[in-house]
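Below is a note on the metal site and the internal spaces of this model. Please read it alongside the coordinates.

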Amino acid sequence: MLSTLKNAWYAAAYSHEISDAPLARTLIEQKIVLFRGSDGTLGMIANRCPHRFASLSAGRQIDDTLECPYHGLRFNRQGECVFNPHSKNHGPLRAADIRSWPIMERYGIVWFWPGDPARADPTALPTIDFLEKPDEYAVVRGMLHVRGHYELVVDNLLDLSHAAFIHPQFSGGNYTPEQLLAATKQKLERRERSIVNHRLRSGLGPSSAHVRLFGMDPNVPVNTDTTMTWHPPAMLDFAVGSWEVDKPWETGVHIPQLHFITPETEFTSHYFFVNGRNRRQDEPEIDQAMLDFFDLAFARQDEPMIEMVQANMGEISDINELNPILLPTDAAPVSARRMLAALIESEHAANDAPVASLEKVVAAM
Ligand code: FES
Ligand SMILES: [Fe+2]
């Protein structure tokens, strides 16, 4: 069973994915369609017409509505059936209303709220510093479809010790995994509603991207920050940067990233990533080089590993059911899983409260 936090923002799509045509996607086991009204405002509604169950995503956008391709019912952004071509006055058919979700656009991303619409609070989305500074950072965006449970993707990002083994290019390929691990200091910080895994490697050379794309000297020792901040349920604010050991942070090459995962089903995930850079911001060939660099890391190194893990777990999505061996580097993913489980549990407890009190009343009779 797919277990998720309901009252939280999840990514549905990038804003640029929805233009003239509607976009169909499965998000947290719901088939949805995203479409824009004539003023550009987005709506996200169920992608199944309640009449004969055609996919609304195969229909046309007309003014502020989406027209079913089969018999022409039209739905607005709130999921209300506002036009029925089979009635005399073509008026609304309220019995045909379908589900809609609260959404908002921020950072070029469409976010949706799967829980109680009355609690959809825009301020609940964490602020991502580098995305607030478009003058300082250029960004490129990407997306993967991973055949693995969403928490396996979060585990991968919160235990970056794997980088020494499966991403040799991050260290320029000049060091053994043991040298890399020995030079890296890690410190876990648990906050009220986030986990920060501080990682600082000192005294070794910069990554191959820092050398090849941003001209850093491979032989000059640097500090390399790879601190990851996790926000529940599955958003990771990743500070990545290198600067010479005897110089301030500001002099460095920084390529901060936002990674965010939305479950598609229990065993598949949408994995979005936005990568910034504070150097060579206006050069399209660097955009492509960054995308190529991260395609190697995420699509050809991380993704197959996560999919291998899920395949070896079979039809089980919670890794703890299989009693995994724990290493010291698992502290961050284990803490995040615990915090998320506690948040989901408290959501269930709040939903169950009226039932529990009813049981007490019955028991007392
Ligand atoms: S299936 Fe949509 S109007 Fe008939
Ligand atoms: Fe990785």
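1. His 167 and Asp 302 are both buried (under 20% relative accessible area, with exposed over 50% and partly exposed in between; 1.4 Å probe, protein chains only). The model is predicted: local features need pLDDT of at least 70 and side-chain atom pairs count only at pLDDT 80 or more, while totals for chains, interfaces and linings use all residues. Residues are numbered from 1 along each chain as its sequence is written, chains are lettered from A and ligands numbered from 1 in the order in which they are written, and side-chain values use heavy atoms, with hydrogens and water left out.

2. The iron ion (ligand 2) takes its protein donors from His 162 (NE2), His 167 (NE2) and Asp 302 (OD, listed twice), at 2.1 to 2.4 Å. Donors are N, O and S atoms within 2.8 Å of the metal (3.2 Å for Na, K and Ca); water is not among the atoms, so sites may look incomplete. Along the chain the donor spacing is H-x4-H-x134-D. His 167 sits in the loop between α2 and α3 and Asp 302 in helix α5, 135 residues apart. Helices (H or I, at least four residues) and strands (E, at least two) are DSSP runs numbered from the N terminus.

3. Why is the arrangement irregular? The 4 donor atoms around the iron ion (ligand 2) subtend angles of 57 to 148°, which makes it so. Four donors count as tetrahedral if all angles lie between 85 and 135 degrees; four count as square planar and six as octahedral if opposite donors are over 155 degrees apart and all others between 65 and 115; anything else is irregular.

4. There are 2 cavities of 30 Å³ or more. On a 1 Å grid over the protein atoms alone, a cavity is a set of points where a 1.4 Å probe fits but cannot get out, and a pocket is an open set with protein on both sides within 12 Å along at least five of seven lines; lining residues have an atom within 4 Å of a point. Grid points are joined across faces, edges and corners, and a volume is the space filled by probe spheres set on the points.

5. The largest cavity has a volume of about 410 Å³. Its lining has 27 residues, with Ala 163, Phe 170, Arg 201, Thr 226 and Phe 238 nearest the centre. Helix α5 contributes the most, 4 residues.

6. The largest pocket has a volume of about 670 Å³. Among its 22 lining residues, Asp 155, Asn 156, Asp 159, Ile 319 and Asp 330 are closest to the centre.
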